[in-house]
Every structure is written in C-alpha cells, then in structure tokens.
Amino acid sequence: MQHKLSVRHLLGIKDLQKEDIELIFSTADNFKEVINRPIKKVPSLRDVTIANLFFENSTRTRLSFELAERRLSADVVNFAASSSSVSKGETLIDTVNNILAMKVDIVVMRHPHPGSALFLSRHVNAQIVNAGDGAHEHPTQALLDAFSIREKFGRVEGIKVAIVGDILHSRVALSNIFCLQKLGAEVMVCGPTTLMPKYISSLGVKVEHDLRRALEWCDVANMLRIQLERQEIHYFPSLREYIMLYGVSGKLLQSLGKPVTIMHPGPINRGVEITSDVADSAQSIILDQVENGVAIRMAVLYLLAGQVQ
Amino acid sequence: MQKRLVLSSQRFEITIKRLCYQLIENHNDFSESALLGLQPRGIYVARRIQHELKSILKNENILCGDLDITFFRDDYRRREMVIPSTTQVDFIIENKKVILVDDVLFTGRTIRAGMDALTAFGRPEKVELLALVDRRYSRHLPIEPDYIGIAVDTIASEKVIVDWKEIDGEDSIWLITPGKEHAA
C-alpha cells in the first residue's frame, strides 16, 4: 500500500486516486480505535496550527473538524464569517493571508462559492482542506459516508447506493458519486426532475424518479436534506407533495421486504426526508456516520500534515 | 553486506525460557501483570513469551496486547511516513504492572513513544521493559531494559534482524553489516 497521498490539498474527491481513498480508510481505522480509548488524544500534530474558516453556517462539520484537530493535538483557531472583517469588505485572499501571517499550516474552509477552495490553494501558501464549497464538493462527507458503508458491509465494491433528494444543490451528492464510483459501488440518484442537474447522466449514474423503485434496487439509501437556503425559486409545488413522493417512512421501508440501510448527512428535517421512526431505527447508521466523521477527518489531516517540509 | 548469526534457533528457545523465569521472579502468577508488545515486531516476542508463560504457569489467563506507537513518534513530519499498525489492548491497564516488550532496543525513542501511548489507556502501577536484543551504547534517551535476551555491541550503520518461526520460517537473530561484497 502507498504511504502518502498523491495530493497536497484535499479540494475534492475528483482529484483523488482510489489508492488515496484506501489509505485514508486504513488510517481512519487506526484513529477509530484511538477515539474509543479512555484518553482519545495523540500528539502527532502538536507542532501544527490549523485555521477553521467557516464562511457559511455549520454545526456538525465544524465541530467534527475541531474535535479531529484537537485529538491530534494541533493548535486550532476558529473563524466565522459573521463575526469577522469579511463584513467590512476584506477579500478572501487578504483574509486568509492575514491568518497565515500568524503561522498557520493548514486551512479548513467552508465557503458558499463553488471553486473557492481550489482558488485559495493556488494563491496562498498553506494546505487547504475543503469543508464544502457551495454546490461543488464536500470531500470529507463523501469519505465518511463510504467509510460507513465499508464498515456496515465489509466492502464498498458492488454495493448499490441510492442518493435521494435534492441532487441539484448538493455538494454531498457530487462528492459521494465520485467517491463511490472510484471504490466500485453502483450509484443511483433519485429525486424530482427539477432537482436533478442536467449533466447528471454524464457522470455514469442511474437516474430514477420513483422513490419506491429506487429503494427496491438499492442496499443503501443516502437521504439528502432539502436545502431550502439554496433554493431561490420553488422547485416543487409544496413541501407536503415532496414528502408524499420522496419522504421515507417506516411503513414504506417495511413494505419492501428487504433491509435497506439508511444514511443521512445531517441535519435531518424530521418528517421531510425521513420520518422519526426511520431516523431512529436499527436500519439507520446516521450516528455511526457522525462518529466516523471524526476518524476520517483525523486521517485526512494526519496524512496531509505529514507532507509538510 | 555481511550477515552474521548472533543467536541460533536452539539458543533462541533457551533465551525465551530464561526471560520467562526472570519475569516470573518479579510477577509471580501474572494476575496483576500484562505484556504489551510494540508494533510491528515486538508483538512476536510478547506472544511467544505469553505462550511460554502459559505452559510454565499452567495458566491460560496471561494478558497480552499489541501497542502501536506511530501516532506518538517524535519524528513525524521529519522523515518518511510510517503506516500505522493495529493497537489491541483488550484489558484494563489501570494499576497493572505492565511489561513493554520489543524485539530490538536501539536508540530508545520507540520505547519513549510506547510509554506515552501506554498512558492513553490508564495509569499502570509500574512499567518495565523487556528487549530481546539490547544494542548497547547506542541510546539517545536515558532508557534501559529490565530484562535482556541478548546484548550486542554494534555500530550505528549495522542492523539487527530478528527472524520468527511464524513468519520467517526459523527463529534466529542476525547482525547485518553494510559494505562491499568483497572487502579489499
């Protein structure tokens, strides 16, 4: 197995080789054991400083990154756009260069604009981890999703995964498609035509508009959140109609006559994408995903930091 | 390159047995003690000693775990990355007498990392060190073993290799000296 990543930044899954993903997974296996110890901390990154720049709201991802960083003993600085000079008109490069002048090694950034992580990686002298750039990519989410599938089934290759919901606005969907395909899974996307990007079939995924048919086909259903904050116009007549056509209920799952594992990147709109009985059922691995998120982010930061110097 | 046999398979067995009796002198029936082999090669020493202790003491409950120290190394970001191995400690370390076990003791840096890694699992009552091979006079840190299989005098460019029946076909210890095939 290779010893280091082929990339200097983690901008998207598209840039990764299959071997990179396997290296991240095997390293995450070790970190998963570490975070289940009585003392969940290792000193690997004690000479590394990481800045978390969040130009967009986030609870889970920011907390997960911060925990991962602290458990690797890195020094952490946090930055939220709402309380910063961005609101005074400072540009992204200026903001980041000012932060880097304080000797920061790695920048973890979430930004509303697609491509912002790539842009930053070309203009500043630090390693960049993309924590979500607009509707483009969210690589660590895709890695933890595939890692959770691997944990549940023992492999990713050959597993049938349906990604259901708002594909158009979802960086999780795009990163998941790249990641699952690189690992040999079969991918289907399912949602209303208005929430399906035009180019989607060119990615080599199956497209389905009927939820029941998608669930009958798949082993795993990854239920995406309806991103009302990214929808300036109405893509479906009413939320009630969406729920009736694309919401997964316990009754629907039971009627399939086979087990389907339910995933969700969070935050859940209970009663919209999935009902509460599905979210809390034994078929749901939503909380495993959250736990794996810390291990995956530790692995990514550990492997990237090892390349400095 | 020269390869010299330091310990043959027959003497290897005697050495392991002697180490076991030395351990028993200090740890009685092992009810309050545990062996921890350091990854990647120390685990074979620990398992062999565990196996031997079981038959000497007629006791199946000899605790033995594997400890990986990759994340506790002091040379991370200063040299090529090392792939971590698994850590498996299926018992409580708190208040146990722990014996760290490694195959070759050289600079002592691995042991320092091992002591750090160990404390992530609790506070042992006492920590001891067993090294199958002690490369004398080569320490970078003030660390000395409590139990020594065999002591060898080497120079830094030389290497000590421990072969195991389980993975290499034979138990033996070799000293490798780099250099030309035909010395002038």
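## Exercises: two helices and two domains in chain A

In this predicted model, α5(A) and α11(A) pass each other in a right-handed crossing.

**Exercise 1.** Work out which residues of α5(A) and α11(A) make the contact, and which classes they fall into.

*Solution.* Start on the α5(A) side: look for A:T140, A:L143, A:L144, A:D145, A:F147, A:S148 and A:E151. Then hop over to α11(A), where the partners are A:D288, A:Q289, A:N292, A:G293, A:I296, A:R297 and A:V300. Now sort them by class: the contact has five nonpolar, five polar and four charged residues.

**Exercise 2.** How do the axes of α5(A) and α11(A) lie with respect to each other?

*Solution.* Take helix α5, residues 139-153 of chain A, and fit its axis alongside that of α11(A): the two come within 8 Å. Next, read off the crossing angle, roughly 120 degrees. Angles from 65 to 115 would count as roughly perpendicular and those over 145 as roughly antiparallel, so α5(A) is oblique to α11(A).

**Exercise 3.** Where are the domains of chain A, and what does domain 1 bring to their contact?

*Solution.* First, the bounds: the domain assignment puts 13-137 + 290-305 in domain 1 and 139-289 in domain 2. Their C-alpha centres are 25 Å apart. The contact draws 23 residues from domain 1 and 23 residues from domain 2. On the domain 1 side, α1 (18-34), β4 (127-133) and α11 (286-305) each chip in at least two residues, with α11(A) giving the largest share, seven residues. Finish with the classes: this side of domain 1 has ten nonpolar, six polar and seven charged residues.

Note on methods
Residues are numbered from 1 along each chain as its sequence is written. Chains are lettered from A and ligands numbered from 1 in the order in which they are written. This is a predicted model: local features need pLDDT of at least 70, side-chain atom pairs count only at pLDDT 80 or more; totals for chains, interfaces and linings use all residues. Domain bounds come from an automatic or database domain assignment. Two residues are in contact if their C-beta atoms, placed from the backbone, lie within 7 Å. Helices (H or I, at least four residues) and strands (E, at least two) are DSSP runs, numbered from the N terminus. Axes are lines fitted to C-alpha atoms, for helices over the stretch in contact, and angles run from 0 to 180 degrees between N-to-C directions. Angles under 35 degrees count as roughly parallel, over 145 as roughly antiparallel, 65 to 115 as roughly perpendicular and the rest as oblique. A crossing is left-handed if the near helix is turned anticlockwise from the far one by less than a right angle, and right-handed if clockwise.
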